[in-house]
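Q: Can we go through this model together? I would like to know how each label is earned.

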Amino acid sequence: MSSQRILVIEDDLDIANVLRMDLTDAGFEVEHADSAMNGLIKAREEQPTLILLDLGLPDFDGGDVVQRLRKNSAVPIIVLTARDTVEEKVRLLGLGADDYLIKPFHPDELLARVKVQLRQRTTESLTMGDLTLDPQKRLVTYKGDELRLSPKEFDILALLIRQPGRVYSRQEIGQDIWQGRLPEGSNVVDVHMANLRAKLRDLDGYGLLRTVRGVGYALRG
């Protein structure tokens, strides 16, 4: 696991040191940045496998860091936060965070979340007709052209392509992609599906994404 490098962006040195110790003991390489700006610089220079991001940084909000990272990177981001409101959770996921942990948290839970994110990105390429998805490179192509997706759009497509033709309910998609953390009545899944459908259509992928009214979504196998 030595090739797995985790960047910890955390201004509290005591917390950062504990995270470094736990992650190092688990076999990861660990880099540390004590501010948002230093974190963005290290993310660009070090190309980490995963980022642990504190939300309350001294120079600017961790949510802004997520947005800046997502402009040119699909690296998994787990946010560490003491803000435990539904609105804040939805905001973070909408900005592009892959997961979040509420402080204080147990080291075993942190390691489990890290391993889940890394496991999702180390599977073999998946193909359905002219559509190919490479989880390791976070790359999707249709008829040879790259399909540029947000991290959540990519994860949804990866879920659907593993079982072409199967209809996934909104609840199943929310459980798998957002670990069931979407509030009841949220339209986040529908918004992401609409964006995914539009991007497929831009590459002449008409009809690839099927909506079953009142049930959910599927890829046409």
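A: Start with the pocket lining. This is a predicted model. The lining of the largest pocket divides into 15 nonpolar, eight polar and nine charged residues.

Q: What makes a lining residue count as charged here?
A: Its type decides. Asp, Glu, Lys and Arg count as charged. By that rule nine residues of the lining are charged.

Q: How many residues line the largest pocket, and how much space lies in it?
A: About 940 Å³ of space lies in the largest pocket. Its lining has 32 residues, and the closest to its centre are Asn72, Ser73, Ala74, Val75 and Arg138.

Q: What makes Asn72 a lining residue?
A: The cut-off is an atom within 4 Å of a pocket point. Asn72 is listed in the lining, so that condition is met.

Q: Which helices and strand each supply at least two residues of this lining?
A: Helix H2 (36-46), helix H3 (62-70), strand S8 (139-142) and helix H6 (151-161).

Q: Which domains does the lining draw on?
A: Domain 1 (5-118) and domain 2 (126-219) each give at least three residues.

Q: What does the record say about residues 5-118?
A: The unreviewed UniProt entry annotates them as "domain: Response regulatory". Over residues 5-118 the chain is 48% helix and 21% strand. The end C-alpha atoms of that stretch are 11 Å apart.

Q: Why is Arg68 said to lie over the face of Phe60?
A: The distance limit for CZ of Arg is 6 Å from the ring centre. Arg68 is at 4.4 Å, so it falls within that limit. The direction must also be within 35 degrees of the ring normal. Arg68 is listed over the face of Phe60, so that test is passed too.

Q: What about Arg166 and Tyr168?
A: Arg166 lies over the face of Tyr168, at 4.1 Å from the ring centre. That is within 6 Å as well.

Q: How many aromatic pairs are counted?
A: Zero. Centres must lie within 6.5 Å to pair.

Q: Where is the cis peptide bond?
A: It joins Lys103 and Pro104, with omega about -5 degrees. Pro104 sits in the loop between strand S5 (99-102) and helix H5 (107-119).

Q: What is notable in the phi of Gln47?
A: Phi is near 50 degrees, a positive value in a residue other than glycine. Gln47 lies in the loop between H2 and strand S3 (50-54).

Technical notes
Residues numbered from 1 in each chain as written. Predicted model: local features only at pLDDT ≥ 70, side-chain atom pairs only at ≥ 80, totals over all residues. Heavy atoms only, no water. Phe/Tyr/Trp six-rings, centres within 6.5 Å; stacked < 30°, edge-to-face > 60°. UniProt positions renumbered as here; feature names shortened; annotations may be inferred. Helix = DSSP H or I, 4+ residues; strand = E, 2+ residues; numbered from the N terminus. 1 Å grid on protein atoms, 1.4 Å probe; cavity = no way out; pocket = protein on both sides within 12 Å on 5 of 7 lines; lining within 4 Å. Points joined across faces, edges and corners; volume = space filled by probe spheres on them. Domains from an automatic or database assignment.
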